[in-house]
Amino acid sequence: MVTLFEPFTLRGVRMRNRVVVSPMSQYRAQEGVANDWHLVHLGRFAIGGAGLVLCEAAAVQRHGRRTHGDLGIWSDAQIDGLARVARFLEAEGAVAGIQLAHAGRKASERRPWHGETPVDGEDVAQRGEHPWPAVGPSALPYAEGWPAPAEMSVEDIHGVVAAFRDAARRSREAGLRAIEVYAAHGFLLHQFYSPIANQRRDAYGGSLDARCRLACEVATAIREVWPEEYPLVFRLSLTDWRPDGWQIEDAIHLATLLKKLGVDAIDCSTGGISGRERPQGMTLSHGYQLPLAAQLREHAAIPTIGVGLMWDPRLVEQSLAQGEIDLVALARELLDDPNWTLHAAHALGVDDEHQMWPPEFGWWLEKRARALRKLRLR
Ligand SMILES: Cc1cc2nc3c(=O)[nH]c(=O)nc-3n(C[C@H](O)[C@H](O)[C@H](O)COP(=O)(O)O)c2cc1C
């Protein structure tokens, strides 16, 4: 029995295996609209056998974009582009999902290859891209060299909650069947729950429960419009990797609250609250975040998605089989090999004869494999 290839069901949605395409911003949208690039980029992973394909972070408010190229879901005009992607993914056997996002104080940032620093006059001159004002729980900048965001009023916060609700309705209309809320990596909801970015003293700051309030309100609002049979996932940072920050115990508390509000799984990442330097205490190795995911799975009793620096199907299988995680999300490894899932099936002895491949590819690959074996060339 190979767990990686056992189907997995969340609510009424069945995934053909445990492979999740981790959301990957492409910085290619214009005014947030999904285009041919998104269709081809994501379509490759559905053809490549993944179980759940998550469209990249889509901004629920225009000023909540991180970069000018972010996908968006703040307007009904953005539904058609997403619907086209969703139709293709589902037709190729994957579950089509989307990540809903608000960058908060991380908004108005340059694309990675332009420096991941705040947009300024240089971008206006070079690309006609203007900076815009960012908001956050408190007027604390993301890192050195970043402007302080405007502290959000309670009215602003209610606006964000409503924007997530509207985005869920648009996701439904686009034919998407899974939502992941981006509450990690220093995005707005993480800014609220982490004491590093939130120094409010009202209902949305101070105690752990108050800092978790916005994430909980977003979950509730989404569930009001998101079909009962469709899963809702939250991506959390399970630790800030800093003694003065958010800890795994806090994440377990939040996951427990979210579960009661209709959240079905936690995508277990870490870090990102302040600057891009790797914090002390964060040591990279294959699947380095999995022990934290396992801890959360045990103590919050909720399915987990493991993510981060994985490529070896045998190690992934081990983690699934041991019950550390229920699903695995891959990003960079899938950029390198969109057929990773199908290659993993071969490596784990689940698919010796290219049966799992779409016949347009598999028929030819099997024919070639037989010929090469016969000729002892491979
Ligand atoms: C090109 C690229 C874009 C990304 N965009 C997002 C995103 O939109 N939302 C998100 O939660 N994480 C994003 N990430 C992080 C990945 O989803 C993933 O958590 C991270 O890369 C670690 O997994 P990996 O080692 O398999 O790449 C991105 C990563 C890459 C490489």
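Student: What sign does phi have in Gly93, just after α2?

Tutor: Gly93, which comes just after α2, takes a positive phi of about 95°. The label α2 rests on DSSP, since helices are runs of H or I with at least four residues and strands are runs of E with at least two, numbered from the N terminus. This is a predicted model, in which local features need pLDDT of at least 70 and side-chain atom pairs count only at pLDDT 80 or more, while totals for chains, interfaces and linings use all residues. Residues are numbered from 1 along each chain as its sequence is written.

Student: What makes the reach of α2 agree with its 13 residues?

Tutor: The expected span of a helix is 1.5 Å times one less than its number of residues. For the 13 residues of α2 this gives 18 Å, and the distance from its first C-alpha to its last is close to that, at 18 Å.

Student: Which residues of α2 are called buried, and why are they put on the same side?

Tutor: A residue is buried if 20 or more other C-beta atoms lie within 10 Å of its own, exposed if 12 or fewer, and partly exposed in between, with the C-beta atoms placed from the backbone. In α2 the buried residues are Ile79, Gly81, Leu82, Val85, Ala86 and Leu89. They cover an arc (taken over the directions from the helix axis to the C-beta atoms) of only 160°, and therefore lie on the same side of α2. The face turned away from that buried side carries the exposed residues Asp80 and Ala91, whereas the cover over the buried residues includes α1 (36-47), β4, β6 and α4.

Student: Why is the span of helix α4 said to agree with its 20 residues?

Tutor: At 1.5 Å a residue, α4 (residues 154-173) should span 28 Å, and its end C-alpha atoms are 29 Å apart, which agrees. The buried residues here are Ile157, Val160, Ala163, Phe164, Ala167, Ala168, Arg170 and Ser171. Because they cover an arc of only 165° around the axis, they fall on the same side of α4. Val154 and Glu155 are exposed on the face turned away from this side, and the elements that cover the buried residues include α2 (79-91), β6 (95-101), β9 (178-183), α5 (188-193) and α6 (208-225). After α4 comes Gly175, with a positive phi near 85°.

Student: Is Val13 buried, partly exposed or exposed, and why?

Tutor: Val13 has 17 C-beta neighbours inside 10 Å, which is why it counts as partly exposed. This residue lies in strand β2 (residues 13-15). Leaving aside neighbours within four places in sequence, Val13 is in contact (C-beta atoms, placed from the backbone, within 7 Å) with Val95, Arg177, Ala178, Tyr230 and Pro231.

Student: Why is Arg110 classed as buried or exposed?

Tutor: With 21 other C-beta atoms within 10 Å, Arg110 is buried, although its place is in the loop between β6 and α3 (121-127). Beyond four places in sequence, the contacts of Arg110 are Thr67, Gly115, Glu116, Thr117, Val119 and Asp123.

Student: What is remarked on in the phi of His185?

Tutor: His185 has a positive phi of about 50° although it is not a glycine. Most residues other than glycine have a negative phi. His185 is found in the loop between β9 and α5, and with 19 other C-beta atoms within 10 Å it is partly exposed.

Student: Which residues touch the most other members of the largest nonpolar core?

Tutor: A nonpolar core is a set of buried Ala, Val, Leu, Ile, Met, Phe, Trp, Tyr and Cys residues joined through C-beta atoms within 7 Å. The largest one has 105 residues, and Val53, Leu100 and Ala215 touch the most other members. Apart from neighbours within four places in sequence, Ala215 is in contact with Ala183, Leu189, Phe192, Tyr193, Leu254 and Leu258.

Student: Which residues around the ligand come nearest?

Tutor: A residue is near a molecule if its C-beta atom, placed from the backbone, lies within 6 Å of it. Of the 19 residues around the ligand, Ser22, Pro23, Ala57, Ala331 and Arg332 come nearest. β4 (52-59) and α10 (332-336) each supply at least two residues of this shell.

How values were computed: Contact = placed C-beta atoms within 7 Å.
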